[in-house]
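Here are a few exercises to work through with the model open in your viewer. Try each task before you read its solution.

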Amino acid sequence: MKLKNGIMLLLAAFIWGTAFVAQTVGMDYVGPFTFNGVRCFIGAFTLAIVCLIMELIKKNKGGALAEEKSEAEKKLQRKHLIQGGICCGLILFIASSLQQVGLVYTAPGKAGFITACYIVLVPIIGLFLKRKTGWLIWVAVVLAVAGLYFLCITEALTINRGDIYVLLCALMFSFHIIAVDHFSPLVDGVKLSCSQFLVTGILSLPFIFGMET
């Protein structure tokens with residue numbers, strides 16, 4: 001199970017890293033809010049289909065077990081899903097918008113490095129939330145940041161307007177990870193992802209129609 005989870009996280013990191021190039025190219029054709037809004041709606045639609053398939057599989061495999069949950073439990077789970085979707089979706093909207101706007105003014109490699117600095121911010125924020133972080137994690141954080149620097153930064157590390165946007169994005173992604181960590185044990189992870197993408201897409205709509213063509 002640990003190996004499977006590790007491979008899934010590695011695959012997620014690969015997709016996340018390669019996406020910066022696509023995001024930069026996308027800015028040649030649409031605005032940042034349009035790009036984020038459309039991709040989040042696509043994500044929500046895709047995951048909604050996955051959720052339906054998973055529900056059908058669960059019913060076929062163990063319909064009796066699914067019925068054992070009381071109405072109170074189902075209601076509480078729905079409440080957590082709505083709260084999680086709104087909270088994570090709002091933070092994701094702010095983070096992804098800052099990142100996408102930042103990519104207009106900075107290089108994708110530099111944006112990738114600065115955004116990835118959330119791996120430092122997450123354990124630091126965790127300290128304020130009274131969450132213990134072992135020394136091995138701190139060693140891993142230092143090595144990861146050093147590795148990311150050498151991978152992403154090919155020229156002098158100067159700070160411009162885009163870098164500041166992306167730095168704020170890294171801070172928001174740190175809060176997003178902590179929010180997801182809080183809600184994921186309470187609800188189904190795929191449903192949480194679907195709902196947060198839907199919320200992010202909806203929040204993008206006023207900016208799409210009010211600020212972009």
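**Exercise 1. Find the ring that Arg161 lies over, and give the distance.**

Step 1: go to Arg161 and look for the ring face beneath; that ring belongs to Tyr105. Step 2: the distance to the ring centre is 4.0 Å. The rule here asks for NZ of Lys or CZ of Arg within 6 Å of the ring centre and within 35 degrees of the ring normal.

A word on ground rules: this is a predicted model, in which local features need pLDDT of at least 70 and side-chain atom pairs count only at pLDDT 80 or more, while totals for chains, interfaces and linings use all residues. Residues are numbered from 1 along each chain as its sequence is written, and side-chain values use heavy atoms, with hydrogens and water left out.

**Exercise 2. Work out which rings cluster with Phe93, and where they sit.**

Step 1: count the aromatic pairs (Phe, Tyr or Trp rings, the six-membered one for Trp, with centres within 6.5 Å; planes under 30 degrees apart are stacked, over 60 edge-to-face, the rest tilted). There are four.

Step 2: take Phe33 and Phe93, a tilted pair at 6.3 Å centre to centre with 35° between the planes. Phe33 belongs to helix α2 (residues 32-67) and Phe93 to helix α3, 60 residues apart. Helices here are DSSP runs of H or I, at least four residues long, numbered from the N terminus.

Step 3: check burial (buried is under 20% relative accessible area, exposed over 50%, partly exposed in between, using a 1.4 Å probe and protein chains only). Phe33 is buried at 12% relative accessibility, and Phe93 is buried at 9%.

Step 4: add Phe207, which makes a tilted pair with Phe93 at 5.6 Å centre to centre and 35° between the planes. Phe207 is in helix α8 (residues 189-211) and Phe93 in helix α3, so this pair ties together parts 114 residues apart in sequence. Phe207 counts as partly exposed because its relative accessibility is 31%.

Step 5: put it together, and the cluster is Phe33, Phe93 and Phe207.

**Exercise 3. Identify the elements that give two or more residues to the largest nonpolar core.**

Step 1: apply the rule: buried Ala, Val, Leu, Ile, Met, Phe, Trp, Tyr and Cys residues joined through side-chain atoms within 4.5 Å. The largest such core has twelve residues, including Cys88, Ile91, Leu98, Met172, Phe183 and Leu192.

Step 2: sort by element, and you get α3 (71-105) and α7 (161-183).

Step 3: zoom in on Ile91. Leaving out residues up to four places away in sequence, Ile91 touches Met172, Phe175, His176 and Ala179 (contact means heavy atoms within 4.5 Å).

**Exercise 4. Describe the largest pocket and say which helix gives the most to its lining.**

Step 1: set up a 1 Å grid over the protein atoms alone; a pocket is an open set of points where a 1.4 Å probe fits, with protein on both sides within 12 Å along at least five of seven lines, and lining residues have an atom within 4 Å of a point.

Step 2: get the volume, about 2300 Å³. That's the space filled by probe spheres set on the points, which are joined across faces, edges and corners.

Step 3: list the lining. There are 49 residues, with Leu9, Ala12, Ala13, Trp16 and Tyr118 nearest the centre.

Step 4: rank the helices; α1 gives the most, with 14 residues.
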